[in-house]
Amino acid sequence: MSDNPIIRIENLGKIFPGPDGEFYALEDINLDIRRGEIFGIIGMSGAGKSTLVRCINFLERPTEGTVYFDGQDLSVLTKKELYKVRQSMGMIFQQFNLLMQRTVLSNVCFPLEIAGIDKKKAVERAKELLALVDLTDKTYAYPSQLSGGQRQRVAIARALATNPKVLLCDEATSALDPATTRGVLMLLKDINKRLGITIVVITHEMRVIEEICNRVAIIDKSRIAEVGSVEEIFTRPRTAAAKRLVFPEEHSIEILPGRRCCRIVFDGSSSFEPIIAGMVLDFRQVVNILFADTKNIDGKAFGQIVIQLPDNELIADRMIEYLRGKNLTVEEVDGYV
Amino acid sequence: MFDPSVWTMLGQGLLESIYMTLVSTALAYLFGLPLGIALVITDKDGIHPKETFNWILGLIINLLRSVPFLILLIMVIPVTRAIVGTIIGTNATIVPLVIAAAPFIARLVESSLKEVDKGVIEAAQSMGASSMQIITRVLLPEARPSLIVGGAIAVTTILSYSALAGFVAGGGLGDIAIRYGYHRYQTDVMLITVVMLVVIVQVLQEMGTRLARLGDKRK
Ligand SMILES: Nc1ncnc2c1ncn2[C@@H]1O[C@H](COP(=O)(O)OP(=O)(O)OP(=O)(O)O)[C@@H](O)[C@H]1O
Ligand SMILES: [Mg+2]
């Protein structure tokens, strides 16, 4: 399956002519997005995320390299063929981009009209989709009468109308509050599961990635810094860019002089239980927690905790052994002390 | 107050003015609308950027718009004669009206279409919409309220131009106003024509505004 990715991005580059010479918005991007996965692309503002996602459906023509969609090289297609291919790639946006003068129903019918589908069939299909996104009661409302979350659900229904193989989401939840964001993310997850559609999620928020993605690429200054499973990136970010995103608070820790510290990495092999508290009870010795950023994903613990060990060398050593015995990666760090 | 024949003449003038205005507006949109669309899509941020073409088109439109209407009226006399066969009367007036109004309408249409959110156009493109589909199914319908407001501006402007055309004996209320008010010093007749023009402008403007508001689903 991985040798036949739904989207393959090959040596892709995008140069924009700028006021002071050429500007590389994307450089040497290589990515495989697998069938049926939810793939995240995360990066800071201006990293090139939107440009990358727009290159995937050729809204932006890459200046170097190419994109294969379902094995088809998009750079060799005629305009008409490209229009056709785009019908198998739905897209949703931060600002929803609904047609404001059309009803909800008519918005969902829109891509079907574009594809030349018979009106009656289109309405039927649109109504199915509105049921899927739970907006049947808003069928004849206008977008201006809906909340942000509802508008995004209309946009999702619209993007799914032509039965696409891929759904591209550019900051789809960035304009929504946390509760609404969760609702939309759960809907995307559900759509991925139920319809088997591959989803590409562009975001600058780590919590969006941890909530729904299987794999993630970190894009930093126009380049891919790191690609891997969400667990991998969460537990062992290798590059500085990845670390910045995974542990944004780490830099602000107050450094205490004198004693030994260690970093405990949770990589999902232990369950989400209070290990440190357990250790403190077992040893009857307190430790100082300097930094903690752990997440509970499917009942497994991910992330890291940095603790300051007790003065007593022997106890400190035994604590490290204890933690390693719990299947955790423990490393002594000097940075904190 | 007046001789019934004066009233008949005023009624006739009113009908002529309305006829000239409506026909000219329709014909001017026939040229102005495509030109406005062309300006928008060939703009450097448009769906078919063509900078040189856009620049030349913009230049021609500006040139036409900068010619004062009275001068244009006289300048196009040969054209009028070639098309209509005469240079007097309502049909003859329609020619300069259309030539003057089309570039103005092109700019009105351009500004209305530019109000359409770029994101919505991008969304349509992401669905595989062709440029033609974007024009007919996104740009024009989404800009409808603004286009209607523009339409009201266009029709009232053309009406006042048509009155000006009275100077070259173009028929309509303007023609009467000139003949009676200016040549015969019958200011009362002139005043009546002015009142009639004001009323038509008000009615058209109000209709346009209401129609635009009624059809706008944004709020
Ligand atoms: N059409 C364009 N012309 C010139 N430069 C562009 C164009 N589009 C994007 N850029 C530049 O490319 C860089 C990447 O932009 P992009 O929109 O892809 O960033 P992003 O990662 O999506 O950021 P954000 O999180 O703010 O949306 C930016 O520096 C931007 O200024
Ligand atoms: Mg962006």
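**Group meeting: chain B, its contact with chain A, and ligand 1**

I begin with a single residue, B:Q133, which sits in helix α7 of chain B, the helix that covers residues 131-142. Please bear in mind throughout that the model on the screen is a predicted one.

What does B:Q133 touch, leaving aside residues up to four places away in sequence? The list is A:E113, A:I114, B:G128 and B:V138, and it therefore takes in residues of both chain A and chain B under a contact limit of 4.5 Å between heavy atoms. Two polar pairs involve the side chain of this glutamine. In one, a polar atom of the B:Q133 side chain is 3.1 Å from the backbone oxygen of A:I114. In the other, a polar side-chain atom of B:Q133 is 2.9 Å from the backbone nitrogen of B:S130.

Let me now turn to the preceding helix in chain B, α6, which spans residues 118-126. Is α6 of chain B largely enclosed or largely open? Seven of its nine residues are buried, so the rest of the structure largely encloses this helix. The buried residues are B:G119, B:V120, B:I121, B:E122, B:A123, B:A124 and B:S126. Please note that a glutamate, B:E122, is among them.

Which elements provide the cover? From chain A, the cover includes α1, α2 (79-86), β6 (89-93), α3 (104-114) and α5 (148-160). Chain B contributes its own helix α7 to that cover, and α7 is the helix in which we found B:Q133.

Both ends of α6 deserve a remark. At the N-terminal end, B:D117 acts as a cap, with a side-chain oxygen 3.1 Å from the backbone nitrogen of B:G119. Just after the helix, B:G128 adopts a positive phi of about 85 degrees. This is the B:G128 that appears among the contacts of B:Q133.

With that local picture in place, I would like to describe chain B as a whole. Its secondary structure consists of ten helices and zero strands. The C-alpha atoms occupy a box of roughly 70 × 40 × 25 Å along the principal axes. Chain B has 219 residues, of which 50% count as buried. If we take contacts between residues at least 6 apart in sequence, 73% of them link residues at least 24 apart. The exposed area of the chain is about 11000 Å², and 69% of that is supplied by carbon and sulfur atoms. As to charge, chain B carries 16 positive and 14 negative side chains, and the centres of these two sets are 2 Å apart.

I move now to chain A and ligand 1. Which residues surround the ligand? They are A:F16, A:F23, A:A25, A:M44, A:S45, A:G46, A:A47, A:G48, A:K49, A:S50, A:T51 and A:E171. Strand β2 (21-33) and helix α1 (49-56) of chain A each contribute at least two residues to this shell. The largest share, three residues, is from α1 of chain A. Helix α1 of chain A has already been mentioned, since it is also among the elements that cover the buried residues of α6 in chain B.

Oxygen atoms of the ligand take part in several polar pairs. Polar backbone atoms lie 2.8 Å away in the case of A:G46 and 2.9 Å away in the case of A:G48. A:S50 places a polar side-chain atom 2.8 Å from a ligand oxygen. On its own, ligand 1 would expose 640 Å², and the protein buries 59% of that area.

Finally, three residues of chain A merit individual attention. Most residues other than glycine have a negative phi. A:F96, however, has a positive phi, near 65 degrees. A:F96 lies in the loop between β6 and α3, and it is buried, with a relative accessible area of 8%. A:S222 also has a positive phi, near 75 degrees. This serine belongs to the loop between β9 (215-220) and β10 (223-229), and its relative accessible area is 8%, so it counts as buried.

The third residue is A:D293, in strand β12, residues 288-297. Is this aspartate buried or exposed? It is buried, because its relative accessible area is 15% and the cut-off for burial is 20%. A:D293 and A:D311 are separated by 18 residues in sequence and by 24 Å in space, C-alpha to C-alpha.

Thank you for your attention.

Technical notes
Residues are numbered from 1 along each chain as its sequence is written. Chains are lettered from A and ligands numbered from 1 in the order in which they are written. This is a predicted model: local features need pLDDT of at least 70, side-chain atom pairs count only at pLDDT 80 or more; totals for chains, interfaces and linings use all residues. Side-chain values use heavy atoms; hydrogens and water are left out. Helices (H or I, at least four residues) and strands (E, at least two) are DSSP runs, numbered from the N terminus. Buried means under 20% relative accessible area, exposed over 50%, partly exposed in between (1.4 Å probe, protein chains only). Accessible areas come from the Shrake-Rupley method with a 1.4 Å probe; for residues, only the protein chains shown count as cover. Lys and Arg count as positive and Asp and Glu as negative; His and the chain ends are not counted. The place of a charge is taken as NZ of Lys, CZ of Arg, CG of Asp or CD of Glu. A residue is near a molecule or strand if one of its heavy atoms lies within 4 Å of it. A polar contact is a pair of N or O atoms within 3.5 Å; within protein, one must be able to donate a hydrogen and the other to accept it, and residues adjacent in sequence count only if both atoms are side-chain atoms.
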